Every structure is written in structure tokens, then in C-alpha cells.
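Hello,

Here is the structure I promised to pass on to you. Have a look at it first, and then read my notes below.

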Amino acid sequence: MRHVAIIGSGPAGCYLADQLLRVVPQASVDILEKLPVPFGLIRYGVAPDHQSTKLVSRVFDRVLGRETVGFFGNVEVGRDVRLAELMDLYNAVVLATGAERDRRLGTSGEELPGVIGSGAFVNWYNGYPDAQAPAVNGVRSAVIIGNGNVAIDVARILAKGPDEFAGSDLSTEVLHWLKSQPLETIRVVGRRGASDAKFTDHELAELGTLRRAQPLVSDATNLTGDSAVVKTLRGFRDGTHHDQPIAISFHFHLVPSAFVGDGRLCAVQFRNADGVTVELPAELAVTCIGYESVAICGVAPAKGVFANQDGRIDERLYVVGWAKRGPSGTIPTNRVEAQQLAQKIAREVGDDQRPGGDGLRRLLKERGVSWVDYAGWRRIDAAELAGVGAERSRVKLDSIEEMLDVAASGQLKAV
Ligand code: FAD
Ligand code: NAP
């Protein structure tokens, strides 16, 4: 039997497990995940008001539940087990660890309270364990840097009123913070033109359907081109004003140059196409400029991704998903890539009698590492879904300790 370890339980890891078992039905696949809960950015990236997108986790759940798949939640490679140990135990090891670190702009003032990377901001509104709320209050103006779909998600979450989150899994703490900000303006700023924006039209158009916010483009000279995105932006410009209290305005050809403030952010400076400095007021700035992978047991990414040849890093060591290609592509992109990698692994990896999951369980027990198996995850899932209704689709546990308690017993500890 061929034993494969996949590190990371996001879309890339789950699709790969599924595809491997199609190509090599007699294989055994273990998925190691540093959090007690699976699914990576499906749970902690995809926006809480896009529950239909999160439904793909049901497909992944069925993969984790298969007899020949082992789930090892709460096991971080680098902390609990070393990559070299996994290479000894398994016939092949695959990094599906995503790209978790926010890219930084490297401009002055980036450390000011009020400046936050999209990874940190999205983690917080998605209930990532122990994630912190933005370190500011009284936000009237927000600046969002970047012209991708994450920027749109962030603009929409800031712009929506509490009643527009019905059916989401947004926590009451996050709702409370959002509700308490006296927001008037959200500025979405791109360093290139509208025709270069990476938004998809469907996501952009959704901003035109919000109840308390209106998208606007004030400078028509920027709206050249004929793409669906440019047409939608033109529609925003021509749209009638409905007196919504929040304006979402789009700005192009502005390159960020500094965050300004004394003790907390008060403005963001940009250079325009003529080299002139433009200053936009802001108490909150969210940089939505992409992510990079982090090193794992001495295997270091170069320019944010792990160097590889069609998914192969070294003999018996592979990479898939955002860790392989960088932080771009939607959930289905990972499926196509997983299909290709599964076939490659089937061709290249033999069965040289390794212990696989039995060996990993022995090692973790010796080390006193307690892991969350599939049954434990099901208990967490059941606890989060217990008693939810039309208002809230899930009440996420947001501390590791709570998750481990529930995984072990199925019950939340009484406080
Ligand atoms: P991830 O989903 O990041 O999974 C990586 C996993 O590896 C994580 O669970 C992590 O905890 C684990 N891990 C990392 N290091 C270790 C370690 N050392 N040991 C053990 N485990 C480890 N796509 C869409 O199609 N629709 C959307 O609406 C959408 N929304 C998005 C919103 C945001 C904010 C972002 C950032 C992306 C969004 N995407 C969306 C894109 C989609 O989420 C990605 O294509 C996909 O998640 C990448 O999958 P992955 O498995 O490579 O990485
Ligand atoms: P993205 O689409 O690559 O957008 C990143 C943006 O940041 C680009 O506009 C880029 O500009 C800008 N940028 C990068 N470096 C910059 C710098 N130094 N200064 C100023 N701007 C900078 O990435 P993303 O928005 O993080 O999304 C990641 C992936 O997830 C995408 O594939 C996206 O489609 C997917 N996603 C999908 C959904 C959905 O389907 N609903 C939701 C969220 C995310 P340039 O173009 O000039 O480089």
C-alpha cells in the first residue's frame, strides 16, 4: 500500500486526497492540519455572507470521512512533527499549506494602529482562533488598497448593515464592531487602471445591491475599455443616488506611498500618474495585495511560493494549491491542479514499505501530542451547528482550547 501525507486541509489538500484515491484506490492518505478544524480558507477566507460558496466543504467532509483517509487536526508540521519524519513514514509527502502571510507594502507608517493586512482582517471577521479586532474605533473613512476580489469582500463586509448578515456565520462580536463604526466612506484604490482590475464582475456588481451603501466612480476618464468590470463600473457612475449613508468610491492609478498618523492612522498617501502626492483621509486601511507562503522545516519559499517542477519539489516531496502557484485562483482551480498532481504521484511514487499513519500515531503518542481525528471534527461541527436558525448559520468556536474540549467530549465546558 502507498502511504501519502498531505500537509494542509484547505481545498488543495482535500481535492488532492480525493483525486489520489481515484487514481490509486488502494492508497492510504493522511491529512495533517495545524488547526483542530479542517478546510483552510473555505472556513477562514470565503466571506461569512457567502455561505453558498462555503458549501463545498460538504464535499471535502465526505473525503475526510473515507476509511482510507486519516484526519490529524491540531498537528502542526514544524511544531509537532518534522517534515523529515514524515518523509521517513510516508511514500510521498505533499505541502498544501497555502499562502498564509500577508504581503507587506513596505511603506512608512505600515505599523500604525488602523493599518491591517487583509489576512488579519479576514481572519478576524471569519472567527479564526484568537484573531484580534482592528485596533481602532470611530472609523468614518476606510481605505482598501488593491483591486482584487479580496478587496471587494472587505468593502462589502464593511458596508453591509447588520440585517444584511442574516443567515451568515458572522459572530456577534464582529457585528458589534462593524455596527459601532460611524462609516461614511470606503475608498477602494488600485495602482493601475480600471481595465487592469482583477475583480470578477459578479463580485463587483454585488456592491450595487447593498442596502446602506452606494458604489461610485467619480472620475470617468479612468473608465476606458470594454471589459465586463469596466461596464459595471460605468454603471456605478451613471447610477442614481439613493441617499445611502455610505459611499464606496473607486480610485485608480494611485500607488501607495505612506501611511500617516500620530499614534494611529489618519490618512493614506499615494502617488498619482503624474507623480503628485494625493492624500486620502482614513482611520482604517486594509491592504488587500496578496499573500505569501511561509517556510516549513527549512524548506523555504522563494518569492512567496515553493520552487517546484509541475508540483515536484524533490524526490517524494510535492506541493499543490497556493503554496505551489501563489495566491491566485478560485476554489475550482485547485481541483484541476490536484487532478494533475495525483496522476504525477501515481506515476512517480512506488510502495517501499513504510508505516504511514500507524507510524505517525505512534510518534504523536510518544510525544504526547493529542490530535483531533475525523470523529472529533464532527463533534466540533455538531456543536457549532446546534440550535442555529435563520439569523445565524453557524456559531464558530473561536478558541483552540474550546475546540479541543469539544472534540474530546462533544460538550462545551460550563464557564
Ligand atoms: P488554504 O485554503 O490556505 O489551506 C492551507 C491549509 O494548510 C490551512 O488549513 C492551514 O491551516 C494549513 N497549514 C498551513 N501550514 C501548516 C502546517 N505547518 N502544518 C499543518 N497545516 C498547515 N475562492 C473562491 O472560489 N470563492 C471565494 O469566495 C473565495 N474567497 C476567498 C476569500 C479570501 C479572503 C481569500 C484569501 C481567498 C478566497 N478564495 C475564494 C480563494 C480560495 O480560498 C483559494 O483558492 C484556496 O483556499 C487555496 O487553497 P489551499 O488549500 O492552497 O490553501
Ligand atoms: P489579486 O486578485 O491578485 O489582487 C491583488 C491586488 O493587489 C491587485 O489589484 C494588485 O495590483 C494589488 N497589489 C499587489 N501588490 C501591490 C502593491 N505593492 N501596491 C498596490 N497594489 C498592489 O488577489 P486577492 O484579491 O488577494 O485574491 C486572491 C485570489 O482569491 C484571487 O484569485 C481571487 O479571485 C480569489 N478570490 C475569489 C473570491 C470570489 O470568487 N468571490 C473572493 C476572494 C478571493 P496589480 O494587478 O497591479 O498587481
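Before the contacts make sense, one cut-off is needed: a polar contact here is a pair of N or O atoms within 3.5 Å. Please also keep in mind that this is a predicted model.

Let me begin with the overall layout. The domain assignment splits the protein into domain 1 (3-100 + 292-371) and domain 2 (104-289). Measuring nothing by hand, I simply quote the computed separation: the centres of the two domains, taken over C-alpha atoms, are 33 Å apart. Domain 1 brings 13 residues to the contact and domain 2 brings 17 residues. Together the two domains bury about 1,100 Å² between them, and carbon and sulfur atoms account for 52% of that area. On the side of domain 1, Y44, P48 and D49 stand out: these residues provide 52% of the area that domain 1 buries against domain 2, more than any other three residues.

Now to ligand 1. Where does ligand 1 lie with respect to the two domains? Both domain 1 and domain 2 give residues to the shell around ligand 1, so the ligand lies between them. There are 32 residues around ligand 1, with E33, L41, W322, G329 and I331 the closest. By type, that shell holds 15 nonpolar, 12 polar and 5 charged residues.

Three polar contacts of ligand 1 are worth finding on your screen. A backbone N or O atom of A12 is 2.9 Å from an oxygen atom of ligand 1, a pair that falls within the 3.5 Å cut-off. I331 also uses a backbone N or O atom, again 2.9 Å from an oxygen atom of the ligand. N334 uses a polar side-chain atom instead, at 3.1 Å from an oxygen atom of ligand 1. Taken alone, ligand 1 exposes 1,000 Å², and the protein buries 91% of that. Helix 1 (11-23), strand 2 (28-33), helix 7 and helix 12 (331-348) are the elements that give two or more residues to this shell.

Next comes ligand 2. Which residues come nearest to ligand 2? They are N147, V150, R191, R192 and G329, out of 19 residues around the ligand. This shell divides into 8 nonpolar, 6 polar and 5 charged residues. Helix 7 (residues 149-159) supplies the largest share, 3 residues, and domain 1 and domain 2 each contribute at least three residues to the shell.

For the polar contacts of ligand 2, look at N147 first: a polar backbone atom of N147 is 2.9 Å from an oxygen atom of the ligand. A backbone N or O atom of V150 lies 3.1 Å from an oxygen atom of ligand 2. E203 reaches a nitrogen atom of ligand 2 with an N or O atom of its side chain, at 3.1 Å. On its own ligand 2 exposes 920 Å², of which the protein buries 80%.

Enjoy exploring the model!

Best wishes

Methods. Residues numbered from 1 in each chain as written. Chains lettered and ligands numbered in written order. Predicted model: local features only at pLDDT ≥ 70, side-chain atom pairs only at ≥ 80, totals over all residues. Heavy atoms only, no water. Near = heavy atom within 4 Å. Polar contact = N/O pair within 3.5 Å; in protein donor to acceptor, adjacent residues only side chain to side chain. Areas by Shrake-Rupley, 256 points an atom, 1.4 Å probe, with all protein chains shown as cover. Helix = DSSP H or I, 4+ residues; strand = E, 2+ residues; numbered from the N terminus. Nonpolar A, V, L, I, M, F, W, Y, C, P; charged D, E, K, R; others polar. Domains from an automatic or database assignment. Contact = heavy atoms within 4.5 Å. Buried area = accessible area lost by both parts, 1.4 Å probe.
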